[in-house]
Amino acid sequence: MPEPMGFFTDTTVCIGCKACEVACKEWNQLPAENGGVRELSGDSYDNTRRLDGIHWRHVRFIEQFKGPYDGRWLMMSDVCKHCVQAGCLEVCPTGAIIRTEFDTVVIQSDVCNGCRACIAACPFGVIDINPVSGTAQKCTLCYDRLKVGLEPACSKACPTDSIQFGSIAELRARAQKRVEQLKAQGVDAHLYGAEPSGPLGGLNSFYLLVDKDEVYGLPHNPQLPTRNLTKSASWSVASAAVLGVLALVGLRKRRMDEHAGGGAGGTGHAS
Amino acid sequence: MPPDTFFSGAPHWTWFIIPYFFVGGLAGGAYFLTSILEWFGKPEDRPVVRTGYDVAAVGAILSGLLLTLDLGRPLRFWHMLFESANVPAIAFKAWSPISVGAWAILLFGLCAVLSALGSRAEEGRLQMPALRAVGGVVRGDVAKLVAGVGGILGFFVAGYTGVLLSVTNRPIWADSPWLGALFLVSGASTGAATLILLAPGRGAAQRTLDWLSTFDSRALAVELLVLIVFLVSLGQINRVWLSFWGFLLLVGVVGFGILAPLRLHAKRAPLAQAAKLVLLGGFLLRLATMLASEGIDRYRVALGGMGGMAP
Amino acid sequence: MGSNMAECHPVAFRWPMKAKLNGAKLIHVDPRFTRTSAVADLHVPIRAGSDIAFLGGLINHVIHSERWNKDPFFKDYTVHYTNLATIVNEDFKDTEDLEGVFSGLMGYKEPDFWPYNGFLGRYDNKTWQYERGPKPPGPTTEEVIKQRGSFDDLLRSLRKGTAKSDPTLQHPRCVFQLLRKHFSRYTPEMVEQICGCPKEKFLRVAETLLENSGRDRTSAFAYAVAWTQHTYGVQIISCCALLEQLTGNMGRPGGGIMALRGHAAIQGSTDVPTLYHSIHGYLNAPSAVRPHDTLRDYLAAETPPTGYWANGPKWMVSYLKSVYGDAATPENDFGYDWHPKILGDHSHMACFAAMNEGKIKGAVIVGQNPATSLNGTATRRALRQLDWLVVKDNWLTETATHWYLGPEVKNGEVKIADIKTEIFFFPSTQIAEYDGSYTNTQRMLQWHSMAAKAPGDCRTDSWFYHNLAKRLKKAYADSKLSRDQGWKNVTWDFDPDPGETPLYPGEISALKVLREINGYATGNPKQHLKGFGELKDDGSTTCASWIYCGCFPAWDQNLTARREPDPPGVPGAHLKWGWAWPANRRNIYNRASADLNGNPWSERKRWVWWDPNFVNPPDPKTGKPIPRGKWVGYDVPDFTLTMPPSHQGKPDGIIMEPLSGTDAYIMRPEGKGWIFVPSGLVDGPFPTHYEPHESPVQNLLYPKQQSSPVHKVWSQGKPWNQLAAPVGDPKYPYVITTYRLTEHYLAGAMSRWLPWLSELQPELFIELGKDLAREKGIKNLDHVIISTPRSHVRAKALVTDRIGVLKVAGKTIHHVGMPWHWGWMGLSTGDVVNDLTAWVGDPNVSIHEGKAFVCNVERA
Amino acid sequence: MQVSRRDFLRLTASAGAGTAVGGLVGLGVTLAPATARAQELRIKDAKTTPSICPFCSVGCATLIHTVNGKIVNIEGDPRSPHNEGTLCPKGAAIYQLHMNPNRATKVLHRKPGAGDWEVVELEWAMDRVAELIKKTRDDTFIEKLPNGKLVNMTPAIFALGGATLDNEFNHVCQKFWRGIGVVAIENQARI
């Protein structure tokens, strides 16, 4: 069985060229939104805005300036995190979402029926419906390429190797080195999702960031949707029980009244 | 910085799902109450029982329909029940409310239809021989058994929709474990209200109706309680209610949907009025909780990146 | 500087980023904080067009720095490899003497046979020459020409005396002293005043550059059109070249200047010139306004007697043979008289100026989109004056549709019926649909092959000209007119050989074309030339382009198609990948990567060096033994392979004879790099800071000379060409620069039709600073109107701190920028930003000033 | 490696004290890998042709995949010392330069003063253009200037374009024009 594979995205070398976005669309033959005819978002150079069914890669642009020319411009190519413990995979009722031999998470479009449970389950807002297929879609980490030993389209295209593909073990080592190098240069860098002990058992697509996670649109502590299951279920059962009792008590009272003889129920308001 | 649920994407569960949650809730609630009467009630309760079975049956079918229509690929509805790759292997995830729910609705519907047939056979209102045969079987203890199972499933259907919402990463829904309870109670109250509205047409006895109204007011009280607990449990998330949906929740659900009917019950005013308000409240409850969350999309640094370091 | 490499050449930027990870310092000097700035170690904002002030400041800082004066490396390099020590003619007067102009400035009058040259003035460069010893004896050039003497005699007659020099750099007229004086007022304070960049940032750049220049370290500059598109563009680049020679970075690995060019084949289209001013291999086009009457006059005027350029006669004769074949004989000067002569400036803007006056009747436009280009309003007016217009492209471009969709037609100014032009549109093939070669910005030819057939009537652009040529050959076949004899004698043999199947009916054989470019032994096309060393001036060799000679060394060896990279980890130049001119050399003047004795300046910077023990085989021609020793290295040495570092040249020889073993710049007549440029540039031997044609401020260095005294202005005062705003015009208070985005390409013909690219940058915008936005009450995404004296365009505002106010000459100047990718065709459409630009340009190369002018911005 | 990692998953999962997952692993929540029926690889049995990116001047090498003469994919050539398989967004979009419904594929002609295009035959259009070139050349040709200089040229025809096209095109183009005496030959390198 092959090693777990994934992405390490070093945001400090991203030049925001969006090659990853297009290479992904080219390989996966994803359509442009509204045939490419769109409006300027005004959100820096980000006109993609989000990951969804036809955008499996999304480059974020974050302008942080104190005044003219005085600040920094953060860029980051976002993608499905291929969580080690994946919420989408947990809730998917059809079994369309599977974990592959590469430890990646893939939605089988021919199985999915578009119930959209996975969309709500993903803590990162990665998944959405592809209007063409009517099914939920997201990055497959180019499962078809991996199977024949090819690198995913996006990381292959990335001109500055901001997106790096490889075995998780190797990527984690590389990422750690890079963090140390940056720390040595006085840059406050940290990894997001590289820790197996961290949220979701670690992310098979993890990032090097130089600001708060939220600045990059990443939840600080992503969780599994099922975290609420036991509690939520228990409270429901409890309230069901309460209602059951109330109903029975009602009946019992009625019987009592009858034994007490006389229709205490009153006939005041027949409807 | 925003709470962790604000980074997820909206599933667009709206104009099919909201009515489904409402109908499923009241059908489940109605069946539950009916099955209580089936077990512990008296002959005089039969009209209400029959109404209950019809409501449940129709509700279940309607629910299935809405749920299917909402799918991106409706014809693949069965993928939720069987593994499309290797039929007849069953697709079932005990930990996935939507998976369990799919099965629940199916079985609930089955029970409801059987019960309905049974009750109609009882009245001798079944023409088609095949149906008469089936209906004939569902009587006495069999009827009790079916109703028993169906009643429990009924409550499940009423409640799991809320649990389903909690088992996501969406704002509001996943931020409290009380949505399941809330929807379940609301299901019960709306169920009761439906029976109160429809049963008289089938010659319901006054006593049964009284029992229903008593139950309804108690359910409403519980609902109010659970709603309060739910809101408390949301903590800082509650700022999302500073919107039209908050207004709707307060005035529509609490005001018209709970307090007003309670008052009417207390004043022993005509039952129908209260019942109608209860139904309205039940619907608005789902509308508000669904759309308030649907409206919140993936969090991002403000337009033009003028968030971040900049003032 | 002058480039936004990360956005416009993202894949090339892969390498600076790798260098950065290895500890290299990355500096971006630019009016905008771009995606390049975002990953640079330092971003230095300067006002668009103030580059010479900035570079001049660096030069001034370098020559006064302790490091440059203490470390012997710098003197070793500059004194021996450049003309820093050479002494200049005593009549030379610097801009410091003449308040902003050099000696030799004259007025300029347009000739009436072609009044479209646009010069404001002209320099006579005779006072810019070196001080020389006596001219060697021999017949004069006039005599040699009259007697139709040999080309070598011609060269001998052209020899001048040896240039005088002072290796101690003390002589008051040596280049170093002149340089020192010329840039003495380019102080950090002055740089801050002119460029608007904080003095501290400027000093950090200067220090970083010094620290990273020397034996063990090199620094490179990368530029693009933000340096070329100025009325002094060539001088900006010349200024950088000066600085790079001064700091010993030229000809060395990791040093030099990278010209990041815009198009896949733009280098090729300059080498194989579809440009009026030159013929193959940078030979100047025969001209009616230069002494080019006969072949010998031409060669006398265009060929230096010494240095590698002195081989010009061989290249020119071989070129003429490739044009006229057997009809080109020594007796008829190889058909030189048939070759058309230019009348002056026939460049882009000159031609559109002439077109506006009805002097140009027909135009064939292939893969270019002028309707969205320079001063678009005037350009489109010019197109409407044509009798006929042919557009060949992959898409219906703005140029193809200007007559019914252009703004002037849409807004009713122009009636379609009044446009009398007959217009054709021919659809073209895309890259994957034919064979051919591109020359990239590194001078590397790379072959591409056909993978799929093009749809419908799409044909290659070569097919188009090939089939036109065949038709015109037929049309003139029986002409007896002398004017037609040239065309009748032009060789035209590009049909595939029997057996080969054309890609399309009537398609050329691209290989055959490349063979003609590479050259072969006259009369035997199968015997290819292996390199330009084999070229002869007697007609025995046929070669269109001397610089491409060697790319196809044998009938079956198309080196441009090679795809063999070096194995990983080996320090090499990937010499088996494609083929780079000249002679597959990847780094020009690489002799300078070794010291005077031929050893690498340092281990780290080893590239090409002298191996004294190398055993040479005897000379293949003469059979004479050759002493031990040879230039070797990772690259193809740019030097006479067996000339030892110790070699002393023959002072009175021609071509390479006078050059010695340390004369690294072999293309220069005296083998030394030019810090002082005595000839070749029409606007001065030293770069000088002038303001752009349109500027909000006075020239602080030369108040009496605002802009270049000789730059070009076309169609001055013509009604269709509203020209420049005066200095500091309050109607146009802001500095504007135009630029490109990663997501689009040029005027958009190749990107605005592509859904995947259009969705990434869907609309035209203007980037403006928050202060200006506040001042004007403009909010992000508001519609704004941007106006210049030429025109106005509408765009959405992108309010950002990545561009903003600069303090220039004590004034606060708002800077704005606009991408110019848009037009009215395609999926993503928008106004034509080039409508704002003016027909003013550089006097050397006629490139317009599109990177620095003034405008106004108002809410729409 | 993978084995130990899987066990580790189970551990963290079930050790997720009290969390739903904790319980779910018992129910067999599927962290164990499955094999999807991967969609057919698009370049399976495709013909590969070496090519070059037609956009900027970096000269990135590409590989074009075709299946029975139809382009199915274009990506970077990993062997290239320039791009090592990488591409920019434009390079990654070369596919849409070819496979694009917006492409013009017909020859169009507009008569002087006409309000619309007409679709015409390729050969006819070529004949007509040749005819126009000849006429303009003959009408405007200058053999000698008033000052007697021999120039053999016409300034009245303007040829534009070449920087986006091949070296071979540029040679054929300039040889043709200079051959018939046209000197006003320009391309994007000028601007």
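## Strands, a helix and some charged pairs

Let's start with two charged residues: D:Glu75 and A:Lys156 are both buried. They form a salt bridge, with their closest N and O atoms 2.8 Å apart. This pair crosses between chains: D:Glu75 sits in strand S3 (residues 70-76) of chain D, while A:Lys156 belongs to helix H5 (residues 153-157) of chain A. Keep in mind that what you're looking at is a predicted model.

Why would such side chains team up at all? Side chains of opposite charge can pair when their charged atoms come close. Across all chains, the count comes to 86 salt bridges. Here are three of them, with the N to O distance for each.

| Salt bridge | N to O distance |
|---|---|
| D:Glu75 and A:Lys156 | 2.8 Å |
| A:Arg49 and A:Asp43 | 3.6 Å |
| D:Asp45 and D:Lys44 | 3.9 Å |

How covered are the partners in the other two pairs? Take the chain A pair. A:Asp43 has a relative accessible area of 2%, so it counts as buried. Its partner A:Arg49 comes in at 27%, so A:Arg49 is partly exposed. Now for the chain D pair. With a relative accessible area of 68%, D:Asp45 is exposed, whereas D:Lys44 is partly exposed at 43%. Salt bridges can also link up by sharing partners: A:Arg50, A:Asp52, A:Asp128, B:Asp297 and B:Arg298 are joined into one network that way.

Next, look at a pair of strands in chain A. Strand S2 (residues 57-67) pairs with S3(A) in the antiparallel sense, over 10 bridges. If you want a spot to find in the viewer, A:Glu63 stands opposite A:Trp73 in S3(A). The hairpin made by S2(A) and S3(A) has 2 residues between the strands, and in this hairpin A:Tyr69 takes a positive phi near 65°.

How many residues of strand S3 (residues 70-79) of chain A are buried? The count is 7 of the 10, so this strand is largely enclosed by the rest of the structure. As a bit of background, side chains in a regular strand alternate between the two faces of the sheet.

Finally, there's helix H1 (residues 17-40) of chain B. Its 24 residues, at 1.5 Å a residue, should span 34 Å, and the end C-alpha atoms are indeed 34 Å apart, so the two values agree. H1(B) is also mostly covered, with 22 of its 24 residues buried. When you trace a helix by eye, remember that an α-helix has 3.6 residues a turn, so residues three or four places apart point the same way.

Notes. Residues numbered from 1 in each chain as written. Chains lettered and ligands numbered in written order. Predicted model: local features only at pLDDT ≥ 70, side-chain atom pairs only at ≥ 80, totals over all residues. Heavy atoms only, no water. Buried < 20%, exposed > 50% of the residue type's maximum accessible area, 1.4 Å probe, protein only. Helix = DSSP H or I, 4+ residues; strand = E, 2+ residues; numbered from the N terminus. Pairing = 2+ DSSP bridges. Expected span 1.5 Å × (residues − 1). Salt bridge = Lys/Arg side-chain N within 4 Å of Asp/Glu carboxyl O.
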